[in-house]
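Morning, everyone. I'd like to walk through how the domains meet in this one. Have a look at the structure first.

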Amino acid sequence: MIDRLTTALQRSRADYTEIRVERTWSTAVTFRGRRLESATASEDQGGFVRALHAGGGWGVASFTSLDRLETMVARAGELSRAVTVDPPIRLADIPPRRADAELDLDGDVRGVALADKKRLIEAYNGVMLAVSDRIVDTLASYRDEVSEYWYVNSQGTALHELRPEVTLSGTAVARRDGTIEKGVESIGLRRGWRSMQNREPGFRAVAERAVALLDAPMVHGGTYPVILDPELAGVFIHEAFGHLSEADFVYENPQAREMMTLGRRFGKPVLNVGDNGAAPGLRGTLPFDDEGTPTQDTALIREGILVGRLHSRETAAAMGERPTGNARALSFRHPPIVRMTNTYIANGTGTFDDLIRDIQLGVYACGAFGGQTMLENFSFTAAYGRMIRDGRVAELVKDVVLAGNLFRTLDRIDHIAGDFRWNQMGGGCGKAGQVPLPVTEGAPHVRIEEALIGGDVPG
Amino acid sequence: MIERLLEVARRRADGGADALWRRVERTSVAFEWGRLKAAGVAEEAGANLRVRHRGRVGIAGTTADVAPDELVSRALASAALGEEIELAFPARGPLAKIATFFDRAADARLDDLIAMGRSLLGRLEREGCQVNVSIERESADVRVANTAGAAGDYRSTGVAVSADVWRIAGDDVLAVGDAAEGADLPGDEVLARLAATINTRLDHALRIVGPPDGALPVVFTPAGLSPLMLPVTQALSGKAVLQGISPLGAKVGEQVFDARFSLTDDPLRAGRPSSRPIDDECVASRLTPLVEHGVVRRFIYDLETAARAKTQSTGHGERGIFGKPVPGYTNIVVGDAGDVGAKHPLPPPLGGGLLAAITDGLLVDELIGVGQGNVIGGAFSHPVALAYRIERGEITGRVKDAAVAGNAYELWKRVGGFGNDARWAGSRWAPSVLLEGVSVARR
């Protein structure tokens, strides 16, 4: 395949051309309640070409029929010529790389029978259903894929990879009369079949929590000291800060560039944030991004100060900075754009108890049902919460929504514990119609001196 | 193409089969931060097959060149694990004739799309702001067929134009965007209208005012209605009803909403990109009244959900190349169908004429986090992304640091008024709506 792609490259008349081809085998098994909803195997394949003439715009072409490769290489070149860009698009230099990397398949899922996958997820689903009569509905999914990936560009890079991915997810719905609560378990790894075994405790825990939430009061809305658990802290740093550190947001927008000037203070000296596409075994991990740039650990905030951002070759050249290996594409249907990989708040010091010891009344917000950032404002729905009273974790509360202004909230992070962990969840990140892109987030427990918790908003 | 697939499936699956084949071509241009940056084409073709064998249903999909025998084998392997479903493939029936394909859209050249983008850009440029514009034209060929003799094929076109204007002043980030979608190529009046709606909302947003507080009258714009519509559309899906999680599941025939609230799904609406003569499971498309004058009438179903619920498909089977069909809406119409098609030369004023009677309230165009949490339950609580304060009948400025909360089912019981500004927001046709007693909180 690499030879075929290289030959096609040689016919391109553009100044820069790259070709990606992907072939993906995937299976998915879903249970809803006691019923198998579906068990399917799919095969997806296609290619992507991106071409650039000096002074032109990006010409891009994607296709599912590989017979069209040569035609689409020519078409991408024509499209680039049809667009004039001034000042011209430039790409930061990276050394050409040739690599044939097989990620650890960890038990190749392609060798496992669909019936075995069904049995596995059926068992996890059964664990949730067995927790209580109050569990009225469940949704349990197993999904795996292996993607064979080829990438070449006209500067001499040629890559071939086998990329595995597996995800398990479970939702337990508990109901009593008109009250409905849920618990969600999600595991996602860039590994294989072996990593999906012995996951019963997580499924049991979310079902138990859904039942417990039936009796939990709604959190009383207001301003509190708030502790984020590592999962919610990770989602928070990804959504509320990470997207602003993507250089395509700032590189051609002078006002945004000013807002995100390196050296600006974003938080107290306890705050260190980064993005590490090279951390082993995580969903956001790959040896190279989709422009052939090696992935790396990029510091974004160091001791409260903005020190870096995430780049593609284009944004790096435009800002006079170095590519960071963050140009990623969801699939052959999409161009690479600046994306996060594995984003984290770095470890602090001390324990969880140190964080809550001096809190008289606060909220411990755990897990994430969802989060959205819009501009400098964000809103996150925690899976559940616990009140903190007199320095101790107290009763379970529900409907914990954390909302606020990014800049003010980051600045109010005053204590970070030393209990870092990666949240190896499924799902993924969405941007510019490319969703779900596999990413991971990680953090220790994080304390915000004061944040708005909206449960019921008083009328 | 799918005929061969069905031929093989008929031989090997004792309960029949159906299949969908879709080929899509897309051309797009993107202006980033005011500059034309990229042009692209995409071609995609694939097939999705469903078989029923020994009472069990299986699915397989592919974009690769997979031999019919192999794809049927995969679907049978999927069926072997499945549960039994009394799923019957529909017989051939008459199809409505609707225009889904427009030559002008299909024939538009790259230069035409670029010119449209430039024209829109020119209307949106302003000092201190950055503009993104994207234009996408799609043409598709779809064929669906089953072993019971039903079949349908159609070609369709769609053009989506979207733009957003960004203004960053210090740490105040403001983005105002809008989109126009249609099956045909938009004329200049559509672009002018799109620019005017963005510019109007931007003009009003430049001044920041303090938010109000309390239980207040709130006007939701057609785009801002999502937190009120999502719970209702989720609850009207036959799938939610079947799972027992729909608050409307047992309410057919009951007056649940304000008598002026009606909701219809209309797959035959002229000129809409979601319109189609037949659904993705060979069921003929037809109008489905969901709520009439506040009374719940029916839910939407695909074949499988209908079979499980012991009812008929309403023609809402939606199917991709991968995975199995699911019930999905086409064009959702809020209000009386008679409103549809009303055309204004210029966009009506923000608020659709509903602001005059409001002494102190809010106009909501976009909230943050819509769709998170327990949506179907109806309760929502969201910070505002784009909202304006209304004082003595006038918009006085943009509100930041406020949150809006309520319960969709409760709020729809007493509608203060429907605006005269009905329009398409994505695939939903709705006017602005005034709701009383919505919780607004300062932060």
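Start with the domain contact in chain B. This is a predicted model. Here, 43 residues of domain 1 of chain B are in contact with 34 residues of domain 2 of chain B. Where are the bounds? The domain assignment puts domain 1 of chain B at 2–205 and domain 2 of chain B at 208–442. Their C-alpha centres lie 22 Å apart.

Which elements build the domain 1 side in chain B? Those giving two or more residues are six strands and a helix. The strands are β1 (17–32), β2 (35–53), β3 (56–62), β4 (130–146), β5 (151–169) and β6 (172–182) of chain B. The helix is α5 (188–205) of chain B. And α5(B) gives the largest share of that side, seven residues. By residue class, the domain 1 side in chain B splits into 21 nonpolar, 14 polar and eight charged.

Now chain A. Its domain 1 covers 2–213, and its domain 2 covers 222–454. The C-alpha centres of these two domains of chain A are separated by 22 Å. On contacts, 37 residues of domain 1 of chain A touch 30 residues of domain 2 of chain A.

Several elements of chain A give two or more residues to the domain 1 side, including β1 (16–32), β2 (35–52), β6 (158–176) and α4 (200–213). Which element gives the largest share of that side in chain A? That is β7(A), with seven residues. In chain A, β7 runs over 179–189. The classes on the domain 1 side of chain A are 16 nonpolar, ten polar and eleven charged.

Last item: a helix pair in chain B. Take α1, residues 2–12, and α2, residues 68–81. What is the packing angle? About 50 degrees, with the axes of α1(B) and α2(B) 9 Å apart. Why call α1(B) oblique to α2(B)? Because of that packing angle. The crossing of α1(B) past α2(B) is right-handed.

Which residues meet there? From α1(B), they are B:Arg4, B:Leu5, B:Val8, B:Ala9 and B:Arg12. From α2(B), they are B:Pro68, B:Asp69, B:Leu71, B:Val72 and B:Leu76. The contact of α1(B) with α2(B) holds seven nonpolar residues, no polar ones and three charged.

To recap the shares: α5(B) gives the largest one on the domain 1 side in chain B. On the domain 1 side in chain A, β7(A) does. Thanks, over to you.

Terms used. Residues numbered from 1 in each chain as written. Chains lettered and ligands numbered in written order. Predicted model: local features only at pLDDT ≥ 70, side-chain atom pairs only at ≥ 80, totals over all residues. Domains from an automatic or database assignment. Contact = placed C-beta atoms within 7 Å. Helix = DSSP H or I, 4+ residues; strand = E, 2+ residues; numbered from the N terminus. Nonpolar A, V, L, I, M, F, W, Y, C, P; charged D, E, K, R; others polar. Axes fitted to C-alpha atoms, helices over the stretch in contact; angles between N-to-C directions. Parallel < 35°, antiparallel > 145°, perpendicular 65-115°, else oblique. Left-handed = near helix turned anticlockwise from the far one by under 90°.
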